[in-house]
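Subject: Handover of a model and notes on its cysteines

Dear colleague,

I am passing on the structure we spoke of, together with some notes on its cysteines. Please have it open while you read.

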Amino acid sequence: MAIHPFDSITDAEFSLTAKLVKGAHPGHKIHFTQIDRLDPPKKDMIRFLDAERAGAPLPTIYRRTYAYYYLDSKMPVYKALVNVTLGHVITKTAVKDANSGPLLPEDIMEIEELCKTHPIVVAEAKKLKLPSHIQLCYEPWMYGTDSADVKEPMMQVYVYVKVDHPDANHYSLPVFFSPVFKLLTKEFVRMDYLPGGIDEKTVATQPWNEVPAVEYHPELTGEEVRDIKPLLLNQPEGTSFNIEGGKVTWQGWEFRVATNVREGVVLYDVWFKGRSLFYRISLNEMTVPYGDPRAPYHRKQAFDLGDCGFGANANQLNLGCDCLGVIKYLDCLRTDREGNPLKLTNTVCMHEQDYGILYKHMNFRNGNAVVTRRREFVVQTIATVGNYEYIVNFVLDQVGAITVQVRATGILSTMPIEEGKHVDWGTNIGPGVMAAYHQHLLSFRFDTRIDGDKNTVVYDDYHPMPRDPVLNKYGVGYVGKRTIVDKAGFVEQSPFTNRIYKVINEDSINKVTGKPVGYKFEMPAKQMMIASPDSWNVKRAAFATKQFWVTKYNDNQMYAAGEFTNQSLRDTGLGEWADGKTNVRNDDTVVWCTLALTHPPSTEQFPVMPSDFMQFLVSPSSFFEKNPALDVPLANNKVNKSKYYEETNGSSISSAEAKGTCCKTTL
């Protein structure tokens, strides 16, 4: 099968990219941090997609890649663009205003190993006087930003102790010292001592006072495992979806799926029932700022995609654990330091699931019911970035809607705290351990193509009508008011007017309503970035201050906080592009949705956190002329094979059935 312009990077393209970049810098050792495919120019790709759908001859689309790297493990960061179809470097240049490239797993692990042998760290560790069954665990963190003077990649290492078990919960036992290293040269910078109470007063390293860890692994918890019977998901006749290469078809949907090292997974060229919806959908950035004001925690602000890469840190998903049913998996490639492709297996899973009733109506006059089950198609990826796991699902249904779901799980990032101390910005979750308040702010990018290439963003509010002795005598009337977004910028939340963001096509009119067709974005009203407007947190992540942004499409505007986020000094993304000047009405429009969670930890979320759930819905809004799911088959127990619960007295008939109260169906 011929490679498609949207398909993920191949091993051959990866290796060719590394070879060409090395050849472009003779006499230097290249230290790669990221290699991947670059999207084609959209104007060229639209012509390709239109020809593909029409069955016409396809125009040539060159496959291009990019590489981030250092020369001889020194600053600055370089970026190269490579044409892997023709086999040449398009351009290579030092990146301006980048204080670090994205972090490479090998570099992080090397810092961790260095801590185990570095004489200054070893000397500090000896002060703990640890017993033989206890060992130290070092966890490097992105350094964050608190000064414009730091011009090279740094690592802050937080230190913990753990019992002698490979899955012991070291996050339960933090200690009070934290070494800082330069990432590229491995040079020791300083030893930070951590505060243990309500101010920045630090605590010197003392012999460790052994306390019990709060463990999560079944071999260590001492918990008796619950009795639970199997609940099986079976598809005896196979799936209702079809996948050829990266092309997925399911229940009227057509789209392409690809993996990449930064975003994890991307949906391209999304159509439903023969009508175009979106050119590209992805999670493009996430920032996690912590609310602990004490140094060095004030710098704790991770950009999980830009700093590390969601694909680079994606989990290998396993049957019966991460995904249930009949599963299609996709792999991802990331680079090592030398530019070799490393295959990450099964980082994306795709499958069907049941999610209750799609629609139902019982005719009370005759007792007949029309019932359909809601079948969904799920595209899922899970990334582990340090302590946290993020589960990202794009869930498609049979009515043309997309639910964007995110579940945060894993283990809280913890700090040591002295006995008897409590702070207003965190929760004590175990002996000597505190978890600080923090936020998760995720930006989802929707490149819109609602019934065509020219779209308009609007928002609808609902207001009570003024009292009127003729038209609104009883004061019950209310109306909708539509506001058109003319310029690039943001739209404020307004939950008390039920504000709903929509993307419409002013050139495509619904024959029933007489108004433009559209899709609505139903976002829960949530608190955005809490940090002060003049803080580094806000300067670096303007996207996280507003829930909904609108820009005009540009090939080079892909990431909400900008291309290089690690130790960034400012937001070079939406903070610049949403300028309030660029026309976006009836144009090639991109919307950016910020999904937000303010997270004050609780003891129930430790030692491992039950999934914290966030989602929003993207669904048709008078896009169709009637319910587009009327062709979904009615529910039928001959297919679903549900059974009555066996009562303890041996009866197999429910009390409701015995009384004759079950709904009849037309089947």
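The notes below deal with the disulfide bonding and then with cysteines that stay outside it.

Please keep in mind that this is a predicted model, and that the values below were computed from it. The structure holds one disulfide, which links Cys323 with Cys349 at an S to S distance of 2.2 Å. The torsion about the S-S bond is -90°, which gives the link of Cys323 and Cys349 a left-handed form. Cys323 sits in the loop between helix 6 (304–308) and strand 15 (328–335), while Cys349 belongs to strand 16 (residues 341–363), so the disulfide ties together parts that are 26 residues apart in sequence. Both ends of the link are buried: Cys323 has a relative accessibility of 2%, and Cys349 has a relative accessible area of 0%.

Two further cysteines deserve a mention here. Cys321 takes part in no disulfide, and the nearest cysteine sulfur to its own, that of Cys323, is 9.2 Å away; since a disulfide requires two cysteine sulfur atoms within 2.5 Å, that distance does not qualify. With a relative accessible area of 63%, Cys321 is exposed.

Cys332 is likewise in no disulfide, its nearest cysteine sulfur being that of Cys308, at 14 Å. Cys332 is nevertheless buried, with a relative accessible area of 2%.

With best wishes

Definitions and conventions: Residues numbered from 1 in each chain as written. Predicted model: local features only at pLDDT ≥ 70, side-chain atom pairs only at ≥ 80, totals over all residues. Heavy atoms only, no water. Helix = DSSP H or I, 4+ residues; strand = E, 2+ residues; numbered from the N terminus. Buried < 20%, exposed > 50% of the residue type's maximum accessible area, 1.4 Å probe, protein only.
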